Amino acid sequence: MANQVVSLALPDGTAQPKDADVVIVGGGIMGVSAAFHLAEAGVRNIVVIERSGLGTGSSAKPLGGVRATFSDPANVALGKRSLDAYGRFGQRFGVDIGLRRVGYLFLCRSVAEVADCEASVIVQNHFGSNSRMISPAEAAAINPFLNPAVLQAASYSPDDGFAEPAKAVEAYAHAAKAAGVVFLTYTEVLSVETAAGAIQSVTTNRGTIHTDAVVCAAGAWSRHVGQMVGVELPVTPVRRQIGMTRQQPMPYPDVPFTLDLSTTMYFHNYRNGMLLGVSNQQSPGFERDFTYGWVAEFSAAARICAPSLAEPDLEFGWAGLYENTPDHNALIGASEEVSGFFYATGFSGHGFLQGPAVGELVRDLYLGRDGFIDLSTFSAERFNNDAALVREVHII
């Protein structure tokens with residue numbers, strides 16, 4: 001039998017380049033945002049490698065929340081800059097990403113939570129947000145699902161909301177392709193070679209790309225990429241699940257994206273139904289099958305704060321992966337051990353809402369110029385010093 005020649009070209013005829021100035025590993029929101037911002041700045045010969053389709057990893061499964069409602073100043077800056085960018089997306093890219101500025105509502109049920117949110121509001125407003133503390137009665141007026149009797153207060157940020165991640169990923173990718181970025185989908189990185197402490201090449205199932213710069217934007221799979229070059233990226237995958245209630249003949253009242261700090265229960269409108277979830281305890285791993293085990297914990301939380309949402313009639317749902325770090329905050333930086341190795345990962349459930357700003361920071365890291373914030377907060381090196389860990393109140 002004659003030997004068959006198997007083409008390594010992609011279905012659209014694209015072949016893997018032999019050389020690149022920058023290789024980005026990961027085609028989710030971080031990878032495509034970084035690719036776009038690098039190309040916009042004039043960087044050429046950019047290759048994005050994604051082992052599946054663009055935006056089909058963690059970027060396919062988030063709640064879509066966009067907010068500047070954080071307590072750590074660096075997180076507030078990332079969120080605010082990204083929120084502003086999403087607000088201009090239609091004008092800049094000609095794409096409607098379904099942005100709905102319904103606001104965010106964080107529920108406080110203890111004195112400590114009130115104090116934390118009061119301090120956070122001060123930080124948020126310093127960066128130009130218009131968040132404020134509100135009374136239980138006002139929270140229930142904004143969100144009629146709530147039981148005000150169990151609340152001490154709430155923080156409300158009316159400019160926040162949610163959007164559709166898939167549309168944002170597609171818009172960035174389309175603009176990046178137009179600027180010459182090569183996207184290699186359904187392509188797996190097998191190894192990253194170094195020599196004398198510097199990046200030399202990336203080998204995939206399609207061959208080897210010679211490059212001196214790699215950006216790890218592989219989300220939950222980033223630890224493995226870091227291990228290829230001997231850089232510790234402490235990212236642990238954890239399953240998170242959400243459910244959608246059955247669609248109703250008439251829509252529910254419009255409510256903010258609402259989160260209970262004590263139980264991590266959250267919900268917002270989804271067409272004529274509701275999107276529901278809770279960050280219940282899960283074992284680390286890459287499991288992404290949807291199950292209903294979390295619904296009991298959601299219902300227990302709902303009976304306290306939003307009784308009518310308990311025992312929900314779910315029509316469907318999905319599971320995705322958080323990419324958690326030990327302090328549940330991002331890893332953004334350049335390796336001190338391996339020249340040319342950059343990383344933007346470990347967003348612990350906040351990746352979509354920080355994506356535009358992080359793309360800018362990756363661009364500035366690669367170009368060797370100062371970004372809009374000091375990135376030492378997000379360096380992977382912080383885990384060598386407990387005092388440098390980030391404390392973020394607004395994590396779910």
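These are my notebook entries on a handful of helices, loops, cysteines and one pocket in a predicted model.

**Entry 1: helix α6**

I started with α6, which runs over residues 165-178 and so counts 14 residues by the DSSP assignment. I checked its length from first C-alpha to last and got 20 Å, close to the 20 Å expected at 1.5 Å a residue. Next I listed what is buried in α6: P165, A168, V169, A171, Y172, A173, A175 and A176. What do the buried residues of α6 pack against? I found α1 (29-40), α2 (73-87), α3 (89-93), β8 (182-184) and α9 (351-367) as their partners. Past the end of the helix I looked at G180, which follows α6 and has a positive phi, near 100 degrees.

**Entry 2: the second largest pocket**

P165 came up again when I turned to the second largest pocket, as it is among the residues closest to the centre. I noted a volume of about 520 Å³ for this pocket. Its lining takes in 24 residues, and the ones closest to the centre are F162, A163, E164, P165 and Y270. Which element gives the most to the lining of the second largest pocket? That is β15, with three residues. Both α6 and β15 (265-270) supply at least two residues each to the lining.

**Entry 3: helix α2**

I went on to α2, one of the helices that the buried residues of α6 pack against. For its 15 residues I expected a span of 21 Å at 1.5 Å a residue, and the end C-alpha atoms are indeed 21 Å apart, so the two agree. Why do I call α2 largely enclosed by the rest of the structure? Because eleven of its 15 residues are buried. I wrote them down as A74, N75, V76, A77, L78, G79, K80, S82, L83, A85 and Y86. At the start of α2 I spotted a side-chain oxygen of D72 that reaches to within 3.1 Å of the backbone nitrogen of A74.

**Entry 4: two buried aspartates**

I looked up D260 first and placed it in strand β14 (residues 257-260). Is D260 buried or exposed? Its relative accessible area is 1%, so I count D260 as buried, the cut-off being under 20%. Its side chain makes a polar contact with the side chain of T263, at 2.6 Å. Leaving aside neighbours within four places in sequence, I found D260 in contact with L107, R109, M265 and C305. I also took the C-alpha separation of D260 and A301, which is 8.5 Å for two residues 41 apart along the chain.

D327 sits in a loop, the one between β17 (314-324) and β18 (331-334). With a relative accessible area of 8%, D327 is buried. Which side chain makes a polar contact with the side chain of D327? It is that of R382, at 2.9 Å. Besides R382, the contacts of D327 beyond four places in sequence are F383, L389, V390 and I395.

**Entry 5: cysteines**

I searched the whole structure for disulfides and came back with zero. C108 is in no disulfide, though the sulfur of C117 is 3.5 Å away and is its nearest cysteine sulfur. Why does that pair not count? The cut-off for a disulfide is 2.5 Å between the sulfur atoms, so 3.5 Å falls outside it. From the other side I get the matching result: for C117 the nearest cysteine sulfur is that of C108, at 3.5 Å. C108 is buried, with a relative accessible area of 0%, and C117 is buried with a value of 0%.

**Entry 6: positive phi outside glycine**

Most residues other than glycine have a negative phi, so I flagged the exceptions I came across. E311 has phi near 50 degrees, a positive value. I placed E311 in the loop between α8 and β17, and at 56% relative accessibility it counts as exposed. H328 has a positive phi too, near 60 degrees. H328 lies in the loop between β17 and β18, where I had already placed D327. H328 is partly exposed, with a relative accessible area of 31%.

**Entry 7: A300**

Last, I looked at A300 in helix α8 (residues 295-305). A300 is partly exposed, at a relative accessible area of 38%. How far is the C-alpha atom of A300 from that of G207? I got 52 Å, with their positions 93 residues apart along the chain.

Note on methods
Residues numbered from 1 in each chain as written. Predicted model: local features only at pLDDT ≥ 70, side-chain atom pairs only at ≥ 80, totals over all residues. Heavy atoms only, no water. Helix = DSSP H or I, 4+ residues; strand = E, 2+ residues; numbered from the N terminus. Expected span 1.5 Å × (residues − 1). Buried < 20%, exposed > 50% of the residue type's maximum accessible area, 1.4 Å probe, protein only. Contact = heavy atoms within 4.5 Å. Polar contact = N/O pair within 3.5 Å; in protein donor to acceptor, adjacent residues only side chain to side chain. 1 Å grid on protein atoms, 1.4 Å probe; cavity = no way out; pocket = protein on both sides within 12 Å on 5 of 7 lines; lining within 4 Å. Points joined across faces, edges and corners; volume = space filled by probe spheres on them.
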